[in-house]
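I opened this notebook to keep track of what I looked up while reading through a structure that was new to me. The entries follow the order in which I went through it.

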Amino acid sequence: MSLLTDLVNLDLSDNTEKIIAEYIWVGGSGMDMRSKARTLPGPVTDPSKLPKWNYDGSSTGQAPGEDSEVILYPQAIFKDPFRRGNNILVMCDTYTPAGEPIPTNKRHAAAQIFSNPDVVAEVPWYGIEQEYTLLQKDVNWPVGWPIGGFPGPQGPYYCSVGADKSFGRDIVDAHYKACLYAGINISGINGEVMPGQWEFQVGPSVGISAADEVWIARFILERITEIAGVVVSFDPKPIPGDWNGAGAHTNYSTKSMREEGGYEIIKKAIDKLGLRHKEHISAYGEGNERRLTGHHETADINTFKWGVANRGASIRVGRDTEKEGKGYFEDRRPASNMDPYTVTSMIAETTLLWNP
């Protein structure tokens, strides 16, 4: 076994300039991540210098068998924490051979919004709080929970320490460090209210880079849990009953919001979000109605409300933002399985481009 580990950790840089590039894309379900690797003649730091590639879309639910080729366009490069050295992870989006984005390519539409001059001028910042649940393999039951049974009620688990309260920390810490190594702007982690549930935060990141970073952080988490023999779930309500769901709270600000008088801009932006509440909810993740019940720190899915320091609101404004008259707000509606390209670009479009 040690020989296998030695080979997996082999440093190629002493013997060849060639590198390994892991091309990563989102599969047909909109949440499944796919990847494959190729050898390149030397180090690459600019995505535009990377070759396009293709894959069999009929095997990912993204193309018919008689016309199955889907083209990968490299969009963002990260350091590979698994192979290390000059090896890279490459976030790609997906196109037909004719150059048309396929229906599951959410990045293309997001890029159009983020390249709009009115959006670019406002330098939108995002901080995304990605919650997830670690499950025991084969039984699909949270780690630390007795199989077929339940732990004690919620209360002692949030940000906890101790073998009887905190489950899966090695995976969480490995993921944290791997994301930092990769160049992801991961800003923190914490244990969540439900035992076996955790959160990492990405940001503040500007524009579409926030979504690229969340997807790569998800990929790295999937790979680490694969190694650990544990399953990661992004289901917004993995356990029914009196247990917290899993969200992807999205913190947002623009240049105008961060400057003097920004609080008035924030309130106008929140009013716009309220007018498009149903549209946003429909794009904020599958199964979100099981999570947004008005309980467990959520607002009811059919109700839009905002408040200062209110974790039962759709939109929460922090006390510091209210006090300083500028800052950011938090959209608490997105589910843990949301597409960050869709959510970030939709918030920008509604608050900066849409006129009611």
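The entries below begin with a sheet and its neighbours, and then turn to a helix and to one arginine.

**Entry 1, the sheet.** I noted at the outset that this is a predicted model. I then looked up how the strands of the sheet are ordered, and found 5 strands in an open sheet that runs E2-E1-E5-E4-E3, with mixed pairing. The edges are strand E2 (33-40) and strand E3 (53-56), each of which pairs on one side only. I also looked up the angle between neighbouring strands of this sheet, which on average are turned by 40° against each other, direction ignored.

**Entry 2, pairs of strands.** Starting from the E2 edge, I found that E1 and E2 run antiparallel and are joined by 8 bridges, and that Trp 25 stands opposite Arg 34 in E2. The hairpin made by E1 and E2 has 6 residues between the strands, and there Gly 30 takes a positive phi near 90°. At the other edge, E3 and strand E4 (residues 69-79) are also antiparallel, with 4 bridges between them; Asp 56 has Glu 69 in E4 as its bridge partner.

**Entry 3, a helix on the sheet.** Which strands does helix H5 touch? Helix H5 (residues 208-228) packs on the sheet and touches strand E1 (19-26), E2, E4 and strand E5 (88-95), and its direction makes about 115° with that of E5.

**Entry 4, the record.** I checked UniProt, where an unreviewed entry places the feature "domain: GS beta-grasp" at residues 19-99. Over residues 19-99 the chain is 0% helix and 48% strand, and the C-alpha atoms at the two ends are 27 Å apart.

**Entry 5, helix H7.** I compared the span of helix H7 (residues 262-275) with what is expected: its 14 residues reach 20 Å from the first C-alpha to the last, close to the 20 Å expected at 1.5 Å a residue. Among the buried residues of H7 I listed Gly 262, Ile 266, Ala 269, Ile 270 and Leu 273.

**Entry 6, Arg 333.** Is Arg 333 buried or exposed? Arg 333 lies in the loop between strand E14 (329-331) and helix H10 (340-353), and it counts as buried because its relative accessibility is 2%, where the cut-off for buried is under 20%. The side chain of Arg 333 makes a polar contact of 2.8 Å with the side chain of His 277. Leaving aside residues up to four places away in sequence, the residues that Arg 333 touches include Leu 273, His 280, Tyr 284, Arg 291, Phe 304 and Ser 314. Leu 273, which I had already listed as buried in H7, is thus one of the residues touched by Arg 333.

Terms used
Residues numbered from 1 in each chain as written. Predicted model: local features only at pLDDT ≥ 70, side-chain atom pairs only at ≥ 80, totals over all residues. Heavy atoms only, no water. Pairing = 2+ DSSP bridges. Axes fitted to C-alpha atoms, helices over the stretch in contact; angles between N-to-C directions. Contact = heavy atoms within 4.5 Å. UniProt positions renumbered as here; feature names shortened; annotations may be inferred. Buried < 20%, exposed > 50% of the residue type's maximum accessible area, 1.4 Å probe, protein only. Polar contact = N/O pair within 3.5 Å; in protein donor to acceptor, adjacent residues only side chain to side chain. Expected span 1.5 Å × (residues − 1).
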